[in-house]
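Me: Please walk me through this structure, and then take a close look at a single part of it, explaining each term as you go. I am in my first year, so a careful, connected answer would suit me best.

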Amino acid sequence: METLIVETTNQLATVTLNRPEVRNAFNETTIAEITEVFRNLDKDASIRAIVLAANGPAFCAGADLNWMKKMADYTHEENLVDAGQLAEMLHTIYSCSKPVVAKVQGDCYAGGMGLVAACDIAVSVGTANFCLSEVKLGLIPATISPYVIKAMGESAARRYFITAERFSAAEAYRTGFLHEVVAAEALDAKVAEIVKALSSNSPNAVKQAKRLVQDVASRELTPALLAATVEGIAQIRASDEGREGVRSFLEKRKPNWLS
């Protein structure tokens, strides 16, 4: 990997953006590498959780300037291909069957906010700043919008999409974009605490619960949705891990996925 560091230990994979000299701005290489890594981790049965982190003072400054220079001369068709690769990367993170925790140690701008929003849980230091800066450049945050709007809500997204104001971690937490804001010295411990909680649960149930939220969140409360949820609980109850989880609870012992 040219732009990432990937480490696995104790059923945890840590994917670290490693271009601190350009504030971890991403280019076509970063996009391809993140997509490949998350696809591989998704298939790896030994991995229970993934942390997306970054080296250096900034988490991600969005698009790399040299990459943007090349894009300035792209045709419409070339822009479609390029944007499609970014969209694919974000969806690969979002749809990964393993829970993904964003560990935000510094400023996060533009496309970097898309990376965080595509994760399941986001933890940030209190000193980080956030910005959806695209309109300053005559652009819009189109490709990242499905994930950012889901994360911070329509009202906040409307404001920050059109003002390009920089805002604090506290404000990002208020909107729901972040789940936790901690002091810098507490970041590692908080992420480890969340990873431990994730790893204590049934791997199959975590996978299905993540999919459940994605399936239910945007749907109307209809008979079809109610039927789907009934089918979902019936299937998970009859699954190997579902049966083992209930048995272990009744027998007052640890389930076999913790052994």
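Reply: The accessible surface of the protein chain comes to about 13,800 Å², and 55% of that area belongs to carbon and sulfur atoms; such areas come from the Shrake-Rupley method with a 1.4 Å probe, and for residues only the protein chains shown count as cover. The model is a predicted one, in which local features need pLDDT of at least 70 and side-chain atom pairs count only at pLDDT 80 or more, while totals for chains, interfaces and linings use all residues. Residues are numbered from 1 along each chain as its sequence is written, and side-chain values use heavy atoms, with hydrogens and water left out.

The secondary structure of the protein chain consists of eleven helices and ten strands, where helices (H or I, at least four residues) and strands (E, at least two) are DSSP runs numbered from the N terminus. With a radius of gyration of 19 Å, close to the 18 Å given by the globule rule for 259 residues, the protein chain is as compact as a globular protein of that length; this radius is taken over C-alpha atoms, and the rule is 2.2 Å times the number of residues to the power 0.38. Of the 259 residues, 43% are buried, which stands for under 20% relative accessible area, whereas exposed stands for over 50% and partly exposed for what lies in between (1.4 Å probe, protein chains only).

The part to look at closely is the sheet. Six strands form this open sheet in the order E1-E2-E3-E5-E7-E10, with mixed pairing; two strands pair if DSSP finds at least two bridges between them. Strand E1 (4-9) and strand E10 (180-182) stand at the edges with a single partner strand each, so one side of each is left without a neighbour in the sheet. From one strand to the next, the twist averages 20 degrees.

Within the sheet, strand E2 (residues 12-17) and strand E3 (residues 49-54) run parallel and are joined by six bridges. Leu12 stands opposite Ala49 in E3, and Leu17 stands opposite Ala54 in E3. Helix H8 (residues 187-199) packs on the sheet, where it touches E2, E3, strand E5 (100-104), strand E7 (121-125) and E10, and its direction makes about 165 degrees with that of E7. Contact here means heavy atoms within 4.5 Å, while axes are lines fitted to C-alpha atoms, for helices over the stretch in contact, with angles running from 0 to 180 degrees between N-to-C directions.

Strand E3 is mostly covered, since six of its six residues are buried. In a regular strand the side chains alternate between the two faces of the sheet. In E3, Ala49, Val51 and Ala53 point one way, Ile50, Leu52 and Ala54 point the other way, and all are buried.

At the start of the chain, Thr3 lies in the segment before E1 and, at 6% relative accessibility, counts as buried. Beyond its neighbours within four places in sequence, Thr3 is in contact with several residues, including Thr16 and Leu17. The side chain of Thr3 also makes a polar contact with the side chain of Thr30 (3.5 Å), a term for a pair of N or O atoms within 3.5 Å; within protein, one must be able to donate a hydrogen and the other to accept it, and residues adjacent in sequence count only if both atoms are side-chain atoms.
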